[in-house]
Every structure is written in C-alpha cells, then in structure tokens.
Amino acid sequence: MPPAERHPTIRDAFDDLDAGERLILVNDHDPSPLFYEFKAEVDAFDADGYRVEQRGEGEFVAELPKR
C-alpha cells in the first residue's frame, strides 16, 4: 500500500469498530507516529489501552482500542 494511503486506511478501519473493540495492526516499523496522531485527533481512541510489541526484526504489532 502506498505510504500516503496507510493512515487514512487505518483510520477508516478504526472508525468501523464498535466501542470496546481493538484494531490490530502489523507493521514493518514502530507505529509511534500513528499513536500520536490518534491520541491528538481521534476522540474514540483509548490511548491508555494502546499496546505495541516488537515481535522480530521489522515486525511490530500494535493494538489500538476504541472507547
């Protein structure tokens, strides 16, 4: 997926979630820019429940919970 389409696609998927659900994202780099974007711009994002784990070289798994 082209980089310019990534964050909008992720936001659309997050918007489709119901309250209490989580979006699981597997990424090839640390998704901290996405975390800060969501924290600043997405009211339904539960920043306190956010989790990210590096599972290997170039594999990060993030959980983005929705309030």
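This dialogue walks through the strands and the largest pocket of a predicted model.

Biologist: What should I know before reading this model?

Modeller: It is predicted, so to speak, by the record's own label: local features need pLDDT of at least 70, side-chain atom pairs count only at pLDDT 80 or more, and totals for chains, interfaces and linings use all residues. Residues are numbered from 1 along each chain as its sequence is written, and side-chain values use heavy atoms, with hydrogens and water left out.Biologist: Which strands pair with strand 3?

Modeller: Strands are DSSP runs of E, at least two residues, and helices are runs of H or I, at least four, numbered from the N terminus. Two strands pair if DSSP finds at least two bridges between them. Here strand 2 (residues 51-56) meets strand 3 (residues 59-65) through five antiparallel bridges. Glu53 faces Val61, and Arg51 faces Glu63. Strand 1 is also antiparallel to strand 3, with six bridges. Asn27 has Phe60 as its bridge partner.

Biologist: Is strand 3 largely enclosed or open?

Modeller: Buried means under 20% relative accessible area (1.4 Å probe, protein chains only). Five of the seven residues of strand 3 are buried, so the rest of the structure largely encloses it.

Biologist: What is the volume of the largest pocket, and which residues are closest to its centre?

Modeller: Rolling a water-sized probe over the atoms shows where empty space is left. A pocket is an open set of points on a 1 Å grid over the protein atoms alone, where a 1.4 Å probe fits, with protein on both sides within 12 Å along at least five of seven lines; lining residues have an atom within 4 Å of a point. The volume, the space filled by probe spheres set on the points, is about 180 Å³. Of 13 lining residues, Arg6, His7, Ile10, Asn27 and His29 are closest to the centre. Helix 1 gives the largest share, four residues.

Key: Residues are numbered from 1 along each chain as its sequence is written. Side-chain values use heavy atoms; hydrogens and water are left out. Buried means under 20% relative accessible area, exposed over 50%, partly exposed in between (1.4 Å probe, protein chains only).
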